[in-house]
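Colleague: Could you take me through one part of this model up close? I'd like to see how a single helix sits against its neighbours.

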Amino acid sequence: MYVMRHRVGLIFFAYACLAGVLASPLHAQVKGKPPDPGTKAAEPSAAPRQETITVGAKSAVLMEGASGHILAAQNKDEKIAPASFAKVLTLYIVYDMLRNGKIKLTDEVYISKKAWETGGSKMYVELGSKVPLEEIIKGIAIVSGNDACVAVAEHISGSVEMFVKVMNDMAQKLGMTNSHFDNPHGLPSAQQYTTAYDMAVLARRYINDFPEALKIHSTLEYTYSGIRQDNRNTLLRKDASVDGLKTGFVAEAGYHLLATAKRDERRLIAVVMGDKNRAIRAEEALKLLNYGYRNFAFVSLFSKGQVLYDLPVWKGQSNNLHIVPGEEGMIVVPADQKNKLEHERFLPGYVVAPIEKNQEIGKYVVKMGTNVIRSIPLVAETDVPKAGFVKLMVHSALYFLGRIKVVTYAILGIVIVALGLLILNVFTRGRRRKSRVRFSR
């Protein structure tokens, strides 16, 4: 009888161990958690706007630099000739190719007759000379050299026409859906147009992707071949927080200014297009910047790349994955609504390898009531390759078991216990029968 109780206890102990494994944190990691109901939340809408400012220009936009939220807008989608705003896209392409190693700052840029003859604002490069790319960049960013734009276009693509194709492809890639470019410098062309909103989008990407460029854009003067020229962005001298970005003028469109400032680590981008003169464009751009800093609260949630969460990894060479925000966690709202923000995190309970670096895993959503203020992608910090054969097989088995419903485990447990009891019963009867036979003798 003792033996029977002992064996029954062992069976129940085995079943308890099985149940314990299934309910353990390890199994919970395999099984994971279902997505939160809000996983399919609508894409972020613009932050609540305060349309209480009027700008003396054909069109204008005020954008927060980290999030891209529009804080004020006036005819933001009106198509206008870009003038020298086109040079920002030209420079974006230059910096993009530098980052990808396709060109170098030490490259010698040949000055063709076409580049040398280009009219308008000039860097004053000499015909047939070779100029370091680093100087060409300064000539475009500081003194708006049209000749330098043609030279760099030919250096990168072989011809202006081929470079213009690169410009328009890049514009679409960056989300400038209402823009088309016909040359790298912005001199008048019937086929060339942009909008204040598109230019704000470009400026934000340019500043965030290549922040080192601002050191050049904020330079007050530049001298080349003995010719000294001032930076045409007069706000650089009026406000110490302003560190860029570009001016523009063509007779048909008027005076433009794309200005950016950084105060207490908070960046704003102001675009005014179609002003009457240089003084007014500077005044209106500064008015927009001051309006933004006075009327909006800036809430910093986290930094881009900051580790926020850890997730278990299945079938991977690593068992854990760091989850980081894919963008700067800056939220901008009207100052009187700062305390009304709600925060939600949407992440799975686990991930399955392979995982690529910067692969989107979830979202961090900030809402105000039902209005989505910002949806920030949560991404993988590193690559996680697939595991080796043995680990892959073990995790595959556990992963499969984790997909089976709890009811199946319960039934399996009952069957195991029932079979165990049946086997014990048969075994016990056999021993009793043998005992009777032995004693009957």
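Modeller: Sure, and keep in mind that this is a predicted model. Let's look at α6 and start with its partner α5. Helix α5 covers residues 133–141 and helix α6 covers residues 146–157; the two pack at an angle of about 140°, and their axes are 8 Å apart. You might be tempted to call that antiparallel, but the label needs an angle over 145 degrees, so α5 counts as oblique to α6. The crossing that α5 makes with α6 is left-handed.

Now for the side that touches. From α5 come L133, I136 and I140, and they meet A148, C149 and V152 of α6. Sort those by class and the contact of α5 with α6 has six nonpolar residues, with no polar and no charged ones.

Next, turn to the other partner, α3. Helix α3 takes in residues 86–99 and packs with α6 at an angle of about 40°, with 11 Å between their axes. Roughly parallel would need an angle under 35 degrees, and therefore α3 and α6 are oblique to each other. Here, too, the crossing is left-handed.

Which residues of α3 and α6 meet? On the α3 side they are K87, T90, V94 and M97, and on the α6 side N146, C149, V152 and I156. By class, the contact of α3 with α6 has five nonpolar, two polar and one charged residues.

Look out for C149 and V152 of α6: they meet residues in α5, and they also meet residues in α3.

Methods. Residues are numbered from 1 along each chain as its sequence is written. This is a predicted model: local features need pLDDT of at least 70, side-chain atom pairs count only at pLDDT 80 or more; totals for chains, interfaces and linings use all residues. Side-chain values use heavy atoms; hydrogens and water are left out. Axes are lines fitted to C-alpha atoms, for helices over the stretch in contact, and angles run from 0 to 180 degrees between N-to-C directions. Helices (H or I, at least four residues) and strands (E, at least two) are DSSP runs, numbered from the N terminus. Angles under 35 degrees count as roughly parallel, over 145 as roughly antiparallel, 65 to 115 as roughly perpendicular and the rest as oblique. A crossing is left-handed if the near helix is turned anticlockwise from the far one by less than a right angle, and right-handed if clockwise. Contact means heavy atoms within 4.5 Å. Ala, Val, Leu, Ile, Met, Phe, Trp, Tyr, Cys and Pro count as nonpolar, Asp, Glu, Lys and Arg as charged, and the others, Gly among them, as polar.
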